[in-house]
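Work through the following exercises with the sequence and the model side by side, and try each task before reading its solution.

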Amino acid sequence: MNLSDRPRRLRRSPAMRRLVRETRLSVEALVLPLFIREGVNVREPVPSLPGIDRYSPDRLPEALDAAGEAGVNNFLLFGIPNGKDAEGSGAWADDGVVQQGIRAIRRHRPDALVVTDVCLCEYTSHGHCGMLRDETVDNDTTLPILARAALSHARAGADVVAPSDMMDGRVGAIRSLLDEEGFTEIPVMSYAVKYASAFYGPFREAAGSAPGKGDRRGYQMDWHNRREAVREARLDLQEHADMLIVKPALSCLDIVSDIAAISPVPVAAYSVSGEYAMIRAAGQNGWIDEYGVMCESAVATFRAGADIYITYFANELATAIRKGDIG
């Protein structure tokens, strides 16, 4: 037989396609972000994130139950306090909104994996991720405050703390304080590579965290730079980060690949609010196949080397995985 005449149709059958897939996704690798608003009996939609709501701690069980039905058990918490001040004191308050949320999850879903975002932008009156000196973020003054916030999350019952502020040295500061206080088993999932991206707009509306003056390009990364990302990741590894995050995901697949190639620890990619909003809006307008684009984007991120996928589509993706569409 001439090899060029050899039939190849077996590769096209659904069973064969699933058998030979190089990239496989699991529900256990998905993390769902949750917005927790201070108050009681609050569930309000986020206009720029259709399908995503803010919950007060007492109504978090509704979000947890919906996720549980899909099989999602990993959550990344963001807090929205009623009051803010220049120091962002709500970030480390024992009764802060995230701390309340952690305890509510522990009561309703004791087996859930709770990751907490550690930053000050949601809590500061000026909207920046650190302490200001005049109109400039003071890196070193910010570090003990971030560590204090991470410690308060650990005391409330968080499983993982995830600093997203992009201050130099914050992983080491957090690790040192956690260890001193006996929380040696709490991992630090560092936002090692966080670009000053235009894709964060819907999140800033959802969390009320847009800076009042200036922008965050002084401490977040320039998205023109690739080698800098590897340098930033290596610095966090030197400070004993247990996991690394690349953010955004879809516009940084080259970076995900670079970090996965050098990292001895798991790498997460954060599919951010702007990515979700674009796919959702285009799908609702009939311009794209929303389900297909959602699935393809997730597979592309894992194909690039991600081990963990943080996404607002976590519930839908979990269902797609269980159906075998992308598993």
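Helices and strands are here runs assigned by DSSP, with at least four residues for a helix and at least two for a strand, and they are numbered from the N terminus. With these names a place can be given to Asn 41, which is found in the loop between E1 and strand E2 (43-45). The model is a predicted one.

**Exercise 1. Backbone angles in the loops**

Task: Find out what is unusual about phi in Asn 41 and in Met 166, and decide for each residue whether it is buried or exposed.

Solution: Begin with the general expectation, which is that most residues other than glycine have a negative phi, and that most peptide bonds are trans. Asn 41 has a phi near 60°, a positive value in a residue other than glycine. Its relative accessibility is 53%, and because exposed means over 50%, Asn 41 counts as exposed.

Next take Met 166, which lies in the loop between strand E8 (160-163) and helix H5 (170-180). Met 166 is not a glycine either, yet its phi is positive, about 70°. With 5% relative accessibility Met 166 counts as buried, because the limit for buried is under 20%.

Two further places complete this exercise. The peptide bond from Lys 247 to Pro 248 is cis, with omega near 0°, and Pro 248 lies in the loop between strand E10 (243-247) and helix H8 (253-262). Gly 324, just after H11, takes a positive phi of about 90°.

**Exercise 2. The length and the buried side of a helix**

Task: Check whether the span of helix H3 (residues 97-108) agrees or disagrees with its number of residues, and then say what covers its buried residues.

Solution: First count the residues of H3, which are 12. The expected span is 1.5 Å times one less than the number of residues, and for H3 this gives 16 Å. The end C-alpha atoms of H3 are 17 Å apart, which agrees with that expectation.

Then list the buried residues of H3, namely Val 97, Val 98, Gln 99, Gly 101, Ile 102, Ala 104 and Ile 105. To read such a list, remember that an α-helix has 3.6 residues a turn, so residues three or four places apart point the same way. The cover over the buried residues of H3 includes strand E1 (30-37), helix H2 (60-70), strand E4 (74-80), strand E5 (113-118) and helix H4 (139-156).

**Exercise 3. Cysteines without a bond**

Task: Explain why Cys 121 is not bonded to the closest cysteine sulfur.

Solution: Start from the cut-off, which asks for two cysteine sulfur atoms within 2.5 Å. The closest cysteine sulfur to that of Cys 121 belongs to Cys 119 and is 3.9 Å away, which is too far for a bond. The count for the model is 0 disulfides. Cys 121 is also buried, with a relative accessible area of 6%, and Cys 295, at 7%, counts as buried as well.

**Exercise 4. A buried threonine and a cavity**

Task: Describe the surroundings of Thr 301, and then name the elements that each supply at least two residues to the lining of the second largest cavity.

Solution: Thr 301 has its place in helix H10 (residues 290-304) and is buried, with a relative accessible area of 0%. Leaving out residues up to four places away in sequence, Thr 301 touches Ala 249, Leu 253, Val 256, Ala 269, Ala 306 and Tyr 309.

Now turn to the cavities of 30 Å³ or more, of which the model has 2. The second largest cavity holds about 40 Å³ of space, and its lining includes Leu 250, Met 294, Tyr 309 and Leu 317. H9, H10 and strand E12 (308-311) each supply at least two residues of this lining. Sorted by class, the lining has 6 nonpolar, 3 polar and 1 charged residues.

**Exercise 5. An open pocket**

Task: State which element gives the most residues to the lining of the second largest pocket.

Solution: The second largest pocket contains about 250 Å³ of space. Its lining has 16 residues, and the closest to its centre are Leu 32, Gly 51, Ile 52, Tyr 55 and Asn 315. E1 gives the most to this lining, with 4 residues. By class, the lining divides into 10 nonpolar, 2 polar and 4 charged residues.

Key:
Residues numbered from 1 in each chain as written. Predicted model: local features only at pLDDT ≥ 70, side-chain atom pairs only at ≥ 80, totals over all residues. Heavy atoms only, no water. Buried < 20%, exposed > 50% of the residue type's maximum accessible area, 1.4 Å probe, protein only. Contact = heavy atoms within 4.5 Å. 1 Å grid on protein atoms, 1.4 Å probe; cavity = no way out; pocket = protein on both sides within 12 Å on 5 of 7 lines; lining within 4 Å. Points joined across faces, edges and corners; volume = space filled by probe spheres on them. Nonpolar A, V, L, I, M, F, W, Y, C, P; charged D, E, K, R; others polar.
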